[in-house]
Amino acid sequence: MNAIDGLMLGFGHALSLSNLGWALLGCFLGTAIGVLPGIGPALTIALLLPITFSVSATGAFILFCGVFYGAMYGGSTTSILLNTPGESGSIITALEGAKMARSGRAGPALATSAIGSFVAGTVGTLGIAFLGPIVVELALQLGPAEYFMLMVLCFVTVSAVLGGSALRGLTSLGFGLLLGLVGVDLQTGQPRLTFGVPELLDGVNVVLVAVALFAVGETLYLAWRHVEGPAVVRPVGSIMMTRQDWRRSFWPWMRGAGLGFPFGVLPAGGTEMPTMLSYYMERKLVRPEHAEEFGTSGAIEGVAGPEAANNAAAAGVLVPMLTLGLPTSATAAIMLSAFQSYGIQPGPLLFTTQADLVWTLIASLFIANVMLVVLNLPLVGLWARILKIPQPQLYAGILVFATIGTYGISNSVVDLVLLYGIGIIAMFMRRFDFPVAPVVIGMILGPMAENAMRQALTISQGDWSVFVTRPISLVILLLALAALAGPRLYGVWARRASA
Amino acid sequence: MTSRRTLIAASAGLAAMGLSRRAMAQQLFDSMFIFVPAGPGGGWDGLGRAIEQASRTAGLVGSFQFENVGGAGGMVGLPRFISQRRGRGNALLVGGAVMVGAGITNRTPVSIRDVVPIARMTSEPGIIVVPASSDLRTLADFTNALKANPGATSVAGGSAGGIDHIILGLMLKQLGRNAREASYVAFAGGGPAQAAILGAQVKAGISGVSEFSEQVKAGRMRALATTGETRSLEGVPTLKESGIDIVMGNWRGLFGAPGISAAQRQALVAYVTAVHATPAWREIVTTRGWDDAFLVGDAFAQFMQRDHADTEQVLRDIGLAS
């Protein structure tokens with residue numbers, strides 16, 4: 001069956017009233033849980049697993065995919081409005097998004113992320129339907145050596161968020177790498193930096209750290225510095241995107257989608273790496289007249305790109321699951337276990353043996369995407385009004401929200417101690433001008449890079465040349481070097497040319 | 001005040017009616033607390049929910065309560081179960097082989113020996129595969145390669161010290177090599193490990209049969225051997241019949257809280273035996289493709305002791321335990 005026939009068949013099934021109902025329910029649920037920090041799509045789908053006993057396979061998977069896509073839309077809302085990322089793919093969105101909201105541009109920020117999510121989600125879903133099997137074969141060519149080089153490339157993006165002082169930024173990065181070390185080491189099974197606390201054996205949750213650094217840290221800092229300040233209500237500003245906003249968002253959407261999809265397909269990829277790369281790329285490619293908006297009043301490119309990347313990656317994650325039966329993310333793993341409770345063994349034959357189910361699923365992803373943008377755009381005005389709440393109350397609310405969300409991750413008091421402990425550290429980081437974004441980047445990339453490097457070296461029997469003798473690995477390494485040195489060399493050249 | 005008291009009385013009456021109705025279906029427990037030391041959706045969670053489903057269908061238990069505390073092969077949840085449920089006769093912990101090894105390598109103060117073994121329910125043999133393009137055609141090719149140069153024969157599997165790693169360590173020992181020489185590449189989760197094997201990034205891979213069987217059927221991986229007592233896949237030999245004396249499986253079972261009396265333990269054993277006998281349980285085992293490995297009471301306790309001692313020995317050989 002070719003992709004066009006498959007899609008026709010899929011839409012035929014997906015457009016039934018009950019399946020549309022499941023899609024709508026999934027989108028709604030997904031948006032809701034995406035908004036709440038801590039509870040992600042994986043946990044939600046796991047909690048919905050019992051419905052597989054009573055609902056048809058098609059209905060259940062349409063619901064699950066709605067939740068999955070919905071969470072990617074919802075996650076950006078709190079990132080932008082409250083500087084509190086709902087899930088790890090939205091952490092980068094908070095960088096520019098929250099600054100836009102602070103300078104009265106919450107509406108356009110939310111709108112560009114919703115529309116960008118729609119554009120990238122559609123591009124990604126088209127990718128699943130037409131390119132899936134080809135891209136996944138290419139992805140299999142990448143081994144641990146290439147993954148390590150991809151992480152090296154992503155580390156370059158830290159330079160975009162270092163702030164004024166490289167020393168302070170690298171200190172933050174070091175703190176993130178340190179946090180990433182906590183837990184049982186994958187390659188030896190030995191506990192590191194756990195201090196005998198069993199809850200630390202599984203490491204520190206990255207969303208928890210992001211919430212602590214962004215939301216708790218900022219709240220505590222404001223409470224500390226603004227004791228007697230006048231009640232300031234933030235301006236909400238215009239809700240709509242201007243013509244200029246559209247123009248500035250379009251290419252970041254496209255580039256974000258182009259970056260995100262292949263990273264999602266990579267078996268050890270995920271949604272975080274492409275958002276970092278997209279942010280870095282937009283920051284470097286932005287027109288000079290908007291360059292100063294990055295890190296100050298918030299640049300719309302820095303929201304549009306990463307948001308598109310994160311949604312396209314979410315679509316990409318479904319590719320190895322549907323074409324090879326590989327669970328490459330927590331959410332995919334739980335969806336695969338749902339296949340098993342229907343007696344369907346997910347594997348490379350899924351596309352042939354369960355063609356009806358797979359194509360209905362893909363078709364319902366298109367439908368879910370449309371539903372989500374229709375559901376989310378009118379909400380932009382409503383959400384943006386949250387900012388009319390006076391600051392003390394708003395931040396008190398954020399603190400409650402962050403605490404509940406964190407407790408929801410694992411019902412553990414240890415997590416709450418961590419949340420406030422890291423929050424207090426973040427408060428001092430703000431006071432002394434240390435950027436917090438490198439902490440998150442170090443924490444996400446550190447463990448991934450460490451494992452990829454050690455896997456590569458185990459396979460090569462300790463021979464370091466593996467990173468330069470494998471062609472793809474070498475190419476990525478050279479790209480990383482170019483990304484690091486290129487802008488500086490260009491700067492030197494430009495100065496000379498003008499002088 | 002009065003109204004509330006009436007309400008309580010009324011609800012108690014309703015509950016009693018409900019109880020007596022269910023009692024006819026030979027209810028064994030009013031309520032059962034099932035503690036899963038892993039996140040929802042995984043193998044242990046699946047076993048816990050299957051126990052619930054079979055019990056409900058047969059009316060063996062009035063109500064169920066679940067708690068999931070995941071992480072580090074069950075070692076995050078285990079201490080919580082031990083401290084919070086001590087002496088409680090209606091609490092069950094889901095656990096298995098993974099927990100035995102994790103407790104040894106993680107050096108946690110509590111281990112699976114601190115809970116009361118009730119029953120082993122299922123077991124899944126391991127499988128050794130190579131990429132479809134590999135020039136290792138048979139198990140003998142693979143063992144020869146291992147024997148000649150273990151360092152050059154990279155093998156992918158789950159986290160270090162887990163069953164996959166233990167199988168490789170045992171094989172090396174049987175082949176007269178040192179288990180420490182293993183070139184074992186640990187991957188987080190089944191997806192990345194499978195991708196590394198499919199892409200021929202490693203020479204071979206070890207995991208549970210169900211993880212790889214679809215890839216083998218589709219011809220993308222070649223199965224060399226399985227690790228059960230009998231064959232799990234048609235045409236694929238077991239290690240035992242090939243002259244390598246290893247029988248290993250990822251077993252999953254149920255444990256009671258520490259400090260329960262002999263009578264309470266007996267009640268749990270009787271309950272689990274009743275669940276195992278229900279048609280609903282048999283049906284679940286067939287749809288999920290699980291291997292029934294029912295072993296109960298003292299026999300299971302003895303099995304546990306042996307398993308713990310063997311695992312500890314291998315992990316010491318590999319160099320992950322002291």
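I started my notes just after helix α7(B), where A200(B) takes a positive phi of about 55°. I should jot down early that this is a predicted model.

**Entry 1: around A200(B)**

I looked up why A200(B) caught my eye: its phi is positive, and the residue is something other than glycine. I found A200(B) in the loop between α7 and β7 (204-208) of chain B. Is A200(B) buried or exposed? I counted 15 other C-beta atoms within 10 Å, so A200(B) is partly exposed.

Then I stepped back to the helix before that loop. Helix α7 of chain B covers residues 190-198, and nine of its nine residues are buried. Among them I noted G190(B), P192(B), Q194(B) and L198(B). So my notes go from a mostly covered helix to a partly exposed residue.

**Entry 2: a second positive phi**

I found another case in chain A. N83(A) is not a glycine, yet its phi is positive at about 60°. N83(A) lies in the loop between α4 and α5 (91-102) of chain A. How many other C-beta atoms sit within 10 Å of N83(A)? I got 23, and N83(A) is buried because a count of 20 or more is enough for that. I put A200(B) beside it in the margin: that one has 15 and is partly exposed.

**Entry 3: the helix before N83(A)**

Since N83(A) is in the loop that follows α4 of chain A, I checked what α4(A) packs against. Helix α4 (residues 57-82) and helix α6 (residues 106-130) of chain A pack at an angle of about 160°, and their axes are 10 Å apart. That angle makes α4(A) roughly antiparallel to α6(A), because anything over 145 degrees counts that way. I also wrote down that the crossing of α4(A) and α6(A) is right-handed.

Which residues of the two helices meet? On the α4(A) side I listed several, including Y69(A), M72(A), Y73(A) and I80(A). On the α6(A) side the list includes A106(A), L110(A), S113(A) and G121(A). I sorted the contact of α4(A) with α6(A) by class and got nine nonpolar, five polar and no charged residues.

A reminder to myself: an α-helix has 3.6 residues a turn, so residues three or four places apart point the same way.

Next I tried α2(A), residues 17-35. It packs with α4(A) at an angle of about 30°, with the axes 6 Å apart. The crossing of α2(A) and α4(A) is right-handed. By class, the contact of α2(A) with α4(A) has 18 nonpolar, 14 polar and no charged residues.

**Entry 4: where chain A touches chain B**

I wanted to know how the two chains meet. Chain A puts 42 residues into the contact and chain B puts in 43. On the chain A side, the elements that give two or more residues are α3 (41-48), α13 (301-324), α14 (330-341) and α19 (437-459). Which of these gives the most? It is α14(A), with four residues. By class, I wrote down 23 nonpolar, 17 polar and two charged residues for the side of chain A that touches chain B.

**Entry 5: chain B as a whole**

I counted up the secondary structure of chain B and got eleven helices and ten strands. Its C-alpha atoms fill a box of roughly 80 × 40 × 35 Å along the principal axes. Of the 322 residues in chain B, 51% are buried. I also looked at the contacts in chain B with a separation of 6 or more: residues 24 or more positions apart account for 77% of them.

Chain B is divided into domain 1 (28-123 + 250-317) and domain 2 (125-226). The centres of these two domains of chain B are 28 Å apart, taken over C-alpha atoms. Ten residues of domain 1 of chain B are in contact with ten residues of domain 2 of chain B. On the domain 1 side, α4 (97-105) and α11 (297-318) of chain B each supply at least two residues. I split that side by class too: four nonpolar, five polar and one charged.

**Entry 6: L239(B)**

My last stop was L239(B), in the loop between β8 (221-226) and β9 (249-256) of chain B. L239(B) is buried, with 25 other C-beta atoms within 10 Å. Leaving aside neighbours within four places in sequence, L239(B) is in contact with A225(B), T227(B), I244(B) and I246(B). I also checked L239(B) against I128(B): they are 111 residues apart in sequence, and 9.5 Å apart in space from C-alpha to C-alpha.

Note on methods
Residues are numbered from 1 along each chain as its sequence is written. Chains are lettered from A and ligands numbered from 1 in the order in which they are written. This is a predicted model: local features need pLDDT of at least 70, side-chain atom pairs count only at pLDDT 80 or more; totals for chains, interfaces and linings use all residues. Axes are lines fitted to C-alpha atoms, for helices over the stretch in contact, and angles run from 0 to 180 degrees between N-to-C directions. Angles under 35 degrees count as roughly parallel, over 145 as roughly antiparallel, 65 to 115 as roughly perpendicular and the rest as oblique. A crossing is left-handed if the near helix is turned anticlockwise from the far one by less than a right angle, and right-handed if clockwise. Two residues are in contact if their C-beta atoms, placed from the backbone, lie within 7 Å. Ala, Val, Leu, Ile, Met, Phe, Trp, Tyr, Cys and Pro count as nonpolar, Asp, Glu, Lys and Arg as charged, and the others, Gly among them, as polar. A residue is buried if 20 or more other C-beta atoms lie within 10 Å of its own, exposed if 12 or fewer, and partly exposed in between; C-beta atoms are placed from the backbone. Domain bounds come from an automatic or database domain assignment.
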